[in-house]
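Good morning, colleagues. I should like to take you through one model this morning, beginning with its interior and ending at its exposed positions.

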Amino acid sequence: MTALLRVERLRVHFKLPGAGWLEPARLLRAVDGISLALEAGRTLGIVGESGCGKSTLARAILGLVPITGGRVKLAGEELAGLSHEELRQRRRRMQIVFQDPLASLDPRMTAGEIIAEPLQAFEPGLGRRQRRQRVEETMERVGLQGNQINRYPHEFSGGQCQRIGITRALIVGPDLLICDEPVSALDVSIQAQIVNLLTELQEETGVGMLFIAHDLAVIKQISHAVMVMYLGKMVEQAGRDRLFHQPRHPYTKALMESVPVPDPVIERRKSVVPLSGDLPSPLDPPSGCRFRTRCPRAEPLCAETEPPIRELAPGHLVACHFPLGDLSR
Amino acid sequence: MALLEVRNLKVRFRTGDGDVYAVNDLSLTLEQGKTLGIVGESGSGKSQLVLAIMNLLAANGSLEGSIRFREQELVGLPSAAMNRIRGSRIAMIFQDPMTCLNSYLTIERQMTEVLQHHRGMDRGGARREAIRMLEAVHIPDAARRIERYPHEFSGGMRQRVMIAMALLCRPDLLIADEPTTALDVTVQAQIVRLLNELQQEFGMSILMITHDLGVIAGISDQVMVLYGGRICELAPVDTLFHRPRHPYTRGLLNSVPRLDRDSSERLQAIPGNPPNLLQLPPGCAFADRCSERLEQCATDQPGLVEAEPGHRVACHLEPGP
């Protein structure tokens, strides 16, 4: 069976000016050899800290930033090398929801105009009345009211703006929905509404989702499978329950232990801070394993060679020389 | 004797669209060496509450009520006297460290300035004290790093520098407004740990504002839940998380996804949206989102009653006093 989305060894490198006058240009390896596959009706969560390349990955899949190397295939069709117009047509099948709900909506357009825009682009033959009907129907499906069609974005709350963004993405019936931190700017009580809404819409439409977030608890709630990234590399990928119950990469484990739990008894029991130090600069990543400067298990080998990606169990990929729970060690 | 006592505080802003009631009749007490966590969503009034304590409200804001700090009334205090308290007895840290660091000055210049101004130290003594404080917040190689500019530090390190600066005059009260929100989760864990450790060392009280219930659980002695500019629940931290009484607190705790729980069930979201402070209803601000509302909730404001010792709740479901 052909996967809905297949990404193979994707690389996105940016050339940045040198640190000073006459200094050589620097290379930012934002995404460095990422592979993934997503089936229809499933959600792949992508989690990582700032600078891990998760947002660049999303933009590269949509063709919004140029790809340095590797492949992106939508339903078996290679997207790299398509002309601008061909790529534009494919975007009907892949839509994106952004982090900042208000900033991603044009303040001078009404909710109805914003939501109708993709319809005008991809279904120009639709009459005015039909278009309005589609807009109203889709708005009601995501929990907005059809009579809010003539309001402007500033008249909506943050959660409602995010619903408008979701309506705009879904109105053309995409096969793939990329959500880039769709709930992190929202209030806690509203986050749950949007997470539930996305889950319901997926069950209804069978849309495949790439869900990018820095919040592990949200990722755990919504994903079927999870990929953990660190400085442009994949460190671990597995089915949701497997990853959260048996993390094999030290970074995944540290990330999980860093998340504060809303229970004072559990929080008081935590004795040590899981990870010391800050993230290294993505412009100057450590040699070998990029995580080794913060890794409690690092050995000389980690500085010398980059760990290969190994399948430690079916579907459980880990890039570590000394994975956790490795009995041979 | 309480370090900070706020009584019947009201904060109001005049805007082109009408008056905004950001904080309504709020009272709180904070003891020396304790941490009060303040949780609330956008528009709950949590940031305006601390800005009012610091006497830093925007020009269109006005306040009523009483704010007593070490038995001194801060409301109506002349600005020269307030300036002596602010930055020395009460210090504040923010979400973005660059809001209080100057990009054009070295860390040394910014830190010694505070000590020379508030504590009358000479430059050499101020430099030594500043280095000592950078070491207290675990900045490696502090004696050399102090000569650097803010942009030469990473995000987490800048947060540490800001905390060091706030603590220079050994304040009695540290107000922390979402200090970990912009940080990565592994760095957030370090900063929460650091604040706990510094409190042990220096004995200051902390007012911690955050929307993150996990952070609140890890740092607070007492927790106050705000909604629509009013307290809906105030309790010791264990009570609040294990025996919450207000429907909003319970809703909030049920709606957050958790790593320590099974994720196969749907989240129990709170329906509706946070209240509009321009049009607060006459009754309970949470009434239209509350699944347990009674008839009187729409019309009568519930008073804050003591449900058990130290546990206050503002809800009509509570038996009266």
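The largest nonpolar core of this predicted model holds 182 residues, and those touching the most other members are A:I178, A:L210, B:L174, B:L207 and B:M224. Let us take one of these, B:L174. Setting aside neighbours within four places in sequence, B:L174 is in contact with B:A91, B:I93, B:A166, B:M204 and B:I206.

A word on confidence before we proceed. The average pLDDT of chain B is 92, and 99% of its residues score at least 70. For the complex, the predictor reports an ipTM of 0.86 together with a pTM of 0.90.

I turn now to strand 3 of chain A, residues 43–47. Why is this strand described as largely enclosed by the rest of the structure? Five of its five residues are buried, and therefore the surroundings largely enclose strand 3 of chain A. As a general point, side chains in a regular strand alternate between the two faces of the sheet. Here, A:T43, A:G45 and A:V47 point one way, while A:L44 and A:I46 point the other way, and all are buried.

Which strands pair with strand 3 of chain A? One is strand 8 of chain A, residues 208–213, joined to strand 3 in parallel by five bridges; within that pairing, A:T43 has A:M209 as its bridge partner. Another is strand 9 of chain A, residues 225–230, also parallel, with four bridges; there A:I46 is partnered with A:M227.

Chain A also contains an open sheet of four strands, in the order 2-1-4-5, with antiparallel pairing. Strand 2 (26–38) and strand 5 (77–78) stand at its edges; each has a single partner strand, so one side of each is left without a neighbour in the sheet. Further in, strand 1 of chain A is joined to strand 4, residues 69–74, by five antiparallel bridges, and A:L5 has A:L74 as its bridge partner in strand 4 of chain A. Helix 1 of chain A packs on this sheet, touching strands 1, 2 and 4 of chain A, and its direction makes about 70° with that of strand 2.

How much of helix 1 of chain A, residues 54–61, is covered? Seven of its eight residues are buried, namely A:K54, A:S55, A:T56, A:L57, A:A58, A:A60 and A:I61. The helix is followed by A:G63, which has a positive phi near 75°.

In chain B, I would draw your attention to strand 1, residues 4–15, and strand 2, residues 18–30, which pair in the antiparallel sense over nine bridges. The two strands form a hairpin with two residues between them, and B:L4 has B:L30 as its bridge partner in strand 2 of chain B.

Next, the contact between the chains. It draws 36 residues from chain A and 40 residues from chain B. On the side of chain A that touches chain B, helices 5 (158–170), 6 (188–205), 7 (216–222), 9 (250–258) and 10 (264–269) of chain A each supply at least two residues. Helix 6 of chain A gives the most, with six residues. By type, the residues on this side of chain A are 19 nonpolar, eleven polar and six charged.

One residue of helix 10 of chain A deserves a closer look, namely A:I266. Is A:I266 buried, exposed or partly exposed? A residue needs 20 or more other C-beta atoms within 10 Å to count as buried, and 12 or fewer to count as exposed; because A:I266 has 15, it is partly exposed. Beyond neighbours within four places in sequence, A:I266 is in contact with A:V261 and, across the chains, with B:D260. The C-alpha atom of A:I266 is separated by 44 Å from that of A:I171, 95 residues apart along the chain.

I close with two backbone details. A:R9, in strand 1 (residues 5–16) of chain A, is a residue other than glycine with a positive phi, near 40°. A:R9 is exposed, because it has 11 other C-beta atoms within 10 Å. B:E71 likewise is not a glycine and has a positive phi, of about 65°. B:E71 is found in the loop between strand 4 (61–69) and strand 5 (72–73) of chain B, and because it has 9 C-beta neighbours inside 10 Å, it counts as exposed. Thank you for your attention.

Notes
Residues are numbered from 1 along each chain as its sequence is written. Chains are lettered from A and ligands numbered from 1 in the order in which they are written. This is a predicted model: local features need pLDDT of at least 70, side-chain atom pairs count only at pLDDT 80 or more; totals for chains, interfaces and linings use all residues. Two residues are in contact if their C-beta atoms, placed from the backbone, lie within 7 Å. Ala, Val, Leu, Ile, Met, Phe, Trp, Tyr, Cys and Pro count as nonpolar, Asp, Glu, Lys and Arg as charged, and the others, Gly among them, as polar. pLDDT is the predictor's confidence in each residue, from 0 to 100. A nonpolar core is a set of buried Ala, Val, Leu, Ile, Met, Phe, Trp, Tyr and Cys residues joined through C-beta atoms within 7 Å. Two strands pair if DSSP finds at least two bridges between them. Axes are lines fitted to C-alpha atoms, for helices over the stretch in contact, and angles run from 0 to 180 degrees between N-to-C directions.
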